[in-house]
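Welcome! Here is a short briefing on how a protein holds its ligand. Take a look at the sequence and the structure, and then let us walk through the binding site together.

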Amino acid sequence: MTTSSSPGKIILFGEHAVVYARPALAVPVTQIHADVEVRDSPRAGIWIEAPNIDLHAELSTLPADHPIASVINKFFSPLSPRERGWGEGLPPLEITITSTIPVASGLGSGAAVSVALTRALALHLNCPMTDDEVSSLAYEIEKIHHGTPSGIDNTVVTYAKPVYFVKGQPIDIFKVGHPFTIVIADTGIPAPTKESVRDVRRLWMYDRSRWETVFDKIGIISFTARRAIEAGRWEMLGELMDENHAFLQEMNVSSPELDRLVQAARDAGALGAKMSGGGRGGNMIALVNADKAEAVARSVREAGAKNTIVTQVS
Ligand code: PMV
């Protein structure tokens, strides 16, 4: 049996602007993860068990664009069964997929499943893949389900390190000068990133110069935040989060629920807060002094958060 695990992720700064080639910062969240087990099977076919989504099926019975089937099909497509010694078809396997990452909430659940599944298959079948290859495969899957993704999710999940991401540029991992604590809070509202990305594109097409200026300002926030994190001056991030949130509100990708949690976090003593990811639902983040983390988490739950995670970025 072969296993592989991939973490969730959270975007600290720069979502949406990153689609327009401005920098964004994202970090892995190891408290939540997708886990995959692959083992040889006594029966023919590739059998998939994913109890979280109530999936118990043989690969060939799934539609080709099914999120899990598409990863497996993409993995096998460049491989020749005969050269690999599998005879005419694919090797008989049993695959079990579990995940503690909430879906459609900006925590990278799709990318984490793609990466863990690809790596488990590659290891089990002795088909070595570089991190770049794993990330590219996961990016292809993101494209099927999200339209025009920037590639930030598959990158941070594959490398499981803090990433300064610019679309189309080589991976840039940054150092955290001093650990800091964030509270992640879930509105409990699943929100498809595809729709908020599409709506921002409409705004941009209608008034490019206005939105290019906003994206530039967000890009400067991401750049400044990276420098602050590297220098260990994490307290500076609070104000930058507040500024970034205001731009996301202007883009109309926040929501009353997200704004309520952001305000509750600030009122409870967070140094700054913002929505994270596609928006309209999903998660928000708040920067806190470690000793205030539990109080801020409690306040956002009282303000309606369905779940909170306290995590240290280090
Ligand atoms: O909702 P998430 O965390 O997958 O984030 C999407 C981030 C966007 O910038 C809105 C889209 C993208 O592809 O980068």
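Three elements, β1 (2–13), α5 (152–159) and α6 (193–206), each supply at least two residues of the shell around the ligand. Please keep in mind that this is a predicted model. The points below go from the site as a whole to single contacts.

**Where the ligand lies**
- Residues of the shell come from both domain 1 (2–165) and domain 2 (175–313), so the ligand lies between these two domains.
- The ligand takes up the space of the largest pocket.

**Who surrounds the ligand**
- There are 15 residues around the ligand, and those that come nearest are Lys9, His16, Ser150, Thr193 and Gly278.
- By character, the shell divides into six nonpolar, six polar and three charged residues.

**Polar contacts and cover**
- Ser150 places a polar side-chain atom 2.5 Å from an oxygen atom of the ligand.
- With His16, a backbone N or O atom lies 2.8 Å from a ligand oxygen atom.
- Gly106 also takes part through its backbone, with a polar atom 3.3 Å from an oxygen atom of the ligand.
- On its own, the ligand has 380 Å² of accessible area, and the protein covers 93% of it.

Notes. Residues numbered from 1 in each chain as written. Predicted model: local features only at pLDDT ≥ 70, side-chain atom pairs only at ≥ 80, totals over all residues. Heavy atoms only, no water. Near = heavy atom within 4 Å. Polar contact = N/O pair within 3.5 Å; in protein donor to acceptor, adjacent residues only side chain to side chain. Areas by Shrake-Rupley, 256 points an atom, 1.4 Å probe, with all protein chains shown as cover. 1 Å grid on protein atoms, 1.4 Å probe; cavity = no way out; pocket = protein on both sides within 12 Å on 5 of 7 lines; lining within 4 Å. Sits in = over half its atoms within 2 Å of the grid points. Helix = DSSP H or I, 4+ residues; strand = E, 2+ residues; numbered from the N terminus. Nonpolar A, V, L, I, M, F, W, Y, C, P; charged D, E, K, R; others polar. Domains from an automatic or database assignment.
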